[in-house]
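Me: Got a minute to walk through this one with me? I'd like to go piece by piece.

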Amino acid sequence: MDSVLSRPERDVDYVPDTVVRSVKLLVAGNFGVGKTTFVNSLSEIKPLRTEETITEASVGVDDMAGLPGKSQTTVAMDFGRITLNPELALYLFGTPGQKRFVPLWEELARGALGALVLVDTRRIEKADEVLSVLEERGVAYSVAVNQFEGSQRFPLEEIRDALDLTPGTPLTTLDARDRSTCLRSMITLVEFLFQRQESRR
């Protein structure tokens, strides 16, 4: 995703005084699926990014198939914040996409209420590893299909079947460059997580 759609100016630095609850959420997904772009689009503060240029050292290590224009990759995390309503702030932690960073995923998952998993239908089989890592660690999640330009569109039920998602797992679509669609998917995740908590009580 080379171009970036317009977004509101970031003029919020401090958490509003009205905020009484904060939630840690992961933004997960395989390599090159749009996590950094998503956090950048949604965050109301200037996001923390740890991107480095992809070098020849990644040849044979990182699967660049289907990512001809990708020149940078996250090596630690992305971090952003959004005040979802006057009382609730979400802290977003974007995970690196490569398997070698699984130990870092585990650290980032500590204290997280849940995760939004981004998937790319051009490389949908790559999502299995990320979903497995979250499931093994008991992290609740919803899934959002990042609709890249030129990618084929599929009915959500076909994607649900391909990912073997349970009927209760929320599945949405978004454009990681577009704040409104990112916000919609994030609200879906938060509602799912809060309903899950209430049902456990």
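Reply: Sure. One cut-off up front: buried means under 20% relative accessible area. By that cut-off Glu 44 is buried, and so is Arg 81. Keep in mind that this is a predicted model.

Me: What do Glu 44 and Arg 81 form, and how far apart are the closest N and O atoms?
Reply: They form a salt bridge, with the closest N and O atoms 2.9 Å apart.

Me: Where do those two lie in the chain?
Reply: Glu 44 is in the loop between helix 1 (35–42) and strand 2 (51–53), and Arg 81 is in strand 4, so the pair ties together parts that are 37 residues apart in sequence.

Me: How many salt bridges does the count come to?
Reply: The count comes to 8 salt bridges. One of them joins Glu 107 to Arg 110, with the closest N and O atoms 3.3 Å apart.

Me: Are Glu 107 and Arg 110 buried or exposed?
Reply: Glu 107 is partly exposed, at 45% relative accessible area. Arg 110 counts as exposed, at 56%.

Me: And Asp 120, which side chain does that one meet?
Reply: Asp 120 meets Arg 123 in a salt bridge, 3.6 Å from N to O. Both Asp 120 and Arg 123 are buried. Shared partners join Asp 120, Arg 122 and Arg 123 into one salt-bridge network.

Me: Switching to the fold. How many helices and strands does the chain have?
Reply: There are 5 helices and 8 strands. From the N terminus they run β-α-β-β-β-β-α-β-α-β-α-β-α. The chain has 201 residues, and 47% of them count as buried.

Me: What share of the contacts joins residues at least 24 apart?
Reply: 75%, among contacts between residues at least 6 apart in sequence.

Me: OK, the sheet. In what order do the strands come?
Reply: It is an open sheet of 6 strands, in the order 4-5-1-6-7-8, with mixed pairing. Strand 4 (78–85) and strand 8 (171–174) are the edges, and each pairs on one side only. Neighbouring strands are turned by 30° against each other on average, direction ignored.

Me: Which helices pack on it?
Reply: Helix 3 (residues 127–136) does, touching strand 1 (21–29), strand 6 (114–119) and strand 7. The direction of helix 3 makes about 170° with that of strand 6. Helix 5 (residues 179–200) packs on the sheet too, touching strands 1, 4, 5, 6, 7 and 8. Helix 5 makes about 160° with the direction of strand 8.

Me: Tell me about strand 7. How many of its residues are buried?
Reply: 6 of its 6 residues are buried. Tyr 141, Val 143 and Val 145 point one way, while Ser 142, Ala 144 and Asn 146 point the other.

Me: Why that alternation?
Reply: In a regular strand, side chains alternate between the two faces of the sheet.

Me: How does strand 7 pair with strand 6 and strand 8?
Reply: Parallel to strand 6, over 5 bridges. Also parallel to strand 8, over 4 bridges. Take Val 145 in strand 7: Val 119 stands opposite, and in strand 8 the bridge partner is Thr 173.

Me: Now helix 4. Which residues are buried there?
Reply: In helix 4 (residues 156–163), Ile 159, Arg 160 and Leu 163 are buried. The buried residues fall within an arc of 105° seen down the axis, so they line one face. Glu 157 and Asp 161, on the other side, are exposed.

Me: What covers the buried residues of helix 4?
Reply: The cover includes strand 6, helix 3, strand 7 and strand 8. Just after helix 4, Asp 164 takes a positive phi of about 55°.

Me: Last topic, the largest nonpolar core. Which residues have the most contacts inside it?
Reply: Leu 26, Val 117, Leu 134, Tyr 141, Val 143 and Leu 163, in a core of 25 residues. Helix 3 supplies the largest share, 5 residues. Another core lies apart from it, with 23 residues, among them Val 33, Ile 82, Met 186 and Phe 192.

Me: And what is Val 117 in contact with?
Reply: Leaving aside neighbours within four places in sequence, the contacts of Val 117 include Ala 28, Val 130, Leu 134, Tyr 141 and Val 143.

Technical notes
Residues numbered from 1 in each chain as written. Predicted model: local features only at pLDDT ≥ 70, side-chain atom pairs only at ≥ 80, totals over all residues. Heavy atoms only, no water. Pairing = 2+ DSSP bridges. Axes fitted to C-alpha atoms, helices over the stretch in contact; angles between N-to-C directions. Contact = heavy atoms within 4.5 Å. Salt bridge = Lys/Arg side-chain N within 4 Å of Asp/Glu carboxyl O. Buried < 20%, exposed > 50% of the residue type's maximum accessible area, 1.4 Å probe, protein only. Arc of directions from axis to C-beta. Core = buried A, V, L, I, M, F, W, Y, C linked by side-chain atoms within 4.5 Å.
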